[in-house]
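Please read these notes with the structure open beside you. They are meant for someone who is new to looking at protein models.

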Amino acid sequence: MPKALITGVTGQDGSYLTELLLSKGYEVHGITRSTEDLERSWVGRLFQDSTTYKKRLFFHPGDLSDPAGLRAMIDKSKPDEIYHLAAQSHVGRSFEDPEGTCEVTAMGTLRLLEIVRAMSKPAKFFHAASGEIFGDAQESPQTVDTPMAPVNPYGCAKAFATQMVQVYRRSFGIFASNGILYNHESPRRGENFVTKKICRAAAAIKLGKQNELLLGDTSAKRDWGHAKDYVRGMWLALQHEPPEDFIFATGELHSVQDVVEIAFASVELDWKNYVKQDPKLFRPTEAQCLVGDPSKAETVLGWKREFQFADIIREMTLAELEG
């Protein structure tokens, strides 16, 4: 039975990846901050499942700022594969706390790479990179060869982590791959992300629990896919030899305004009656035209996405409507 370790196990990607790996016969170990976090998280159902928990699924307290604790936990669990998903991944918050963002997102990755390098049998290592590393991209769509040009603290931290993965792969021969993930959504998306905010608001207004929705720049465009498709790409990346970097994206751009219109139409409301613009919600610097070229992942890994943009937004909105 192969063993996998997941950082960021309680989040959107971590929960979907846990379910995927369990379905493939893995023993899964997840790093979490506390039992209380587990019970309220997307893996809470699995945590309470006596047929799985402590049989093929194990959770360990851990912190990316504690290398000794991480090393001891990894030595004990002896994973064959490590999926590093944990990060401070909210762009807006990274402007408010750039130091904390870099500590978790950049230095946390470096600490894990050092632990993997010291293992007697180094685990395969997957790092969840981000399309934000390209920021002010000089070409579109972006490929794995596009120069990094981040425009926000989160993108800078991810660029450092992505490059360190490449350095450790080349210099120390460890099996380390970057999956450069563009925006990916689902009903499990965090509440502080704009897609979730919009879908939740549309449902709340339909139910009479909210009167209006305040947004920043609705002309901003992103390449949005589904988290289920992208975690499948993570697994495929670690099954491919030799280790390489891959972009997981849709190759399509959609605006925040598109999200608004689909979400409100999903609950049969006219968005014009409820959505207002708030200048205070504009970001200091906004990455433009970040759209990824997934052709390498499609050709080399046989990766193919199953979800379309409009279906994702409808699924998220109806999930909020149903509670």
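The points below deal with strands, backbone geometry, aromatic rings and a pocket.

1. Status of the model. This is a predicted model. Please keep that in mind when reading each value below.

2. Strand β2. This strand covers residues 27–32, and 6 of its 6 residues are buried, so β2 is largely enclosed by the rest of the structure. In a regular strand, side chains alternate between the two faces of the sheet. In β2 both faces are covered: Glu27, His29 and Ile31 are on one side, Val28, Gly30 and Thr32 are on the other, and all are buried. Strand β1 (residues 3–7) pairs with β2 in the parallel sense, over 4 bridges. Within that pairing, Ile6 stands opposite Gly30.

3. His29. Is His29 buried or exposed? His29 counts as buried because its relative accessible area is 6%, and the cut-off for buried is under 20%. His29 belongs to strand β2. Asp270 is 241 residues away from His29 along the chain, and the C-alpha atoms of the two are separated by 45 Å.

4. Strands β4, β5 and β6. Strand β4 (residues 81–84) runs parallel to β5, and 4 bridges join them. One contact to look for is Glu81, whose bridge partner in β5 is Lys124. Strand β5 (residues 124–130) is in turn joined to β6 by 6 bridges, again in parallel. His127 has Asn178 as its bridge partner in β6, and Ala128 has Gly179.

5. Burial in β5 and β6. Of the 7 residues of β5, 6 are buried. Strand β6 (residues 176–181) is also mostly covered, with 6 of its 6 residues buried. Ala176, Asn178 and Ile180 point one way from β6, while Ser177, Gly179 and Leu181 point the other way, and all of them are buried.

6. Cis peptide bonds. Most residues other than glycine have a negative phi, and most peptide bonds are trans. Where should a reader look for a cis peptide bond with omega of about 0°? One joins Ser140 and Pro141, and Pro141 is in the loop between β5 and α7 (153–172). Another joins Glu241 and Pro242, also with omega of about 0°. Pro242 lies in the loop between α9 (227–239) and β11 (246–248).

7. Positive phi. Lys54 is not a glycine, yet its phi is positive, about 70°. Lys54 is placed in the loop between α3 (44–47) and β3 (57–61), and it counts as exposed because its relative accessibility is 59%. Lys78 also has a positive phi, near 50°. Lys78 sits in the loop between α4 (67–77) and β4 and is exposed, at 55% relative accessible area.

8. Aromatic rings. How many aromatic pairs does a search of the whole structure find? The count is 9. Ring pairs link Phe47, Tyr53 and Phe59 into a cluster. Charges also sit over rings: the charged end of Arg189 is over the ring of Phe193, 3.7 Å from its centre. Lys296 lies over the face of Phe246, at 4.9 Å from the ring centre.

9. Second largest pocket. Rolling a probe the size of a water molecule over the atoms shows where empty space is left. The second largest pocket holds about 210 Å³ of space. Its lining includes Lys78, Asp80, Met119, Ser120 and Lys124. The lining residues divide into 6 nonpolar, 1 polar and 5 charged. Two residues from earlier points return here, as Lys78 and Lys124 are among those that line the pocket.

Notes
Residues are numbered from 1 along each chain as its sequence is written. This is a predicted model: local features need pLDDT of at least 70, side-chain atom pairs count only at pLDDT 80 or more; totals for chains, interfaces and linings use all residues. Side-chain values use heavy atoms; hydrogens and water are left out. Rings of Phe, Tyr and Trp (its six-membered ring) pair if their centres lie within 6.5 Å; planes under 30 degrees apart count as stacked, over 60 as edge-to-face and the rest as tilted. A charge sits over a ring if NZ of Lys or CZ of Arg is within 6 Å of the ring centre and within 35 degrees of the ring normal. On a 1 Å grid over the protein atoms alone, a cavity is a set of points where a 1.4 Å probe fits but cannot get out, and a pocket is an open set with protein on both sides within 12 Å along at least five of seven lines; lining residues have an atom within 4 Å of a point. Grid points are joined across faces, edges and corners, and a volume is the space filled by probe spheres set on the points. Ala, Val, Leu, Ile, Met, Phe, Trp, Tyr, Cys and Pro count as nonpolar, Asp, Glu, Lys and Arg as charged, and the others, Gly among them, as polar. Buried means under 20% relative accessible area, exposed over 50%, partly exposed in between (1.4 Å probe, protein chains only). Helices (H or I, at least four residues) and strands (E, at least two) are DSSP runs, numbered from the N terminus. Two strands pair if DSSP finds at least two bridges between them.
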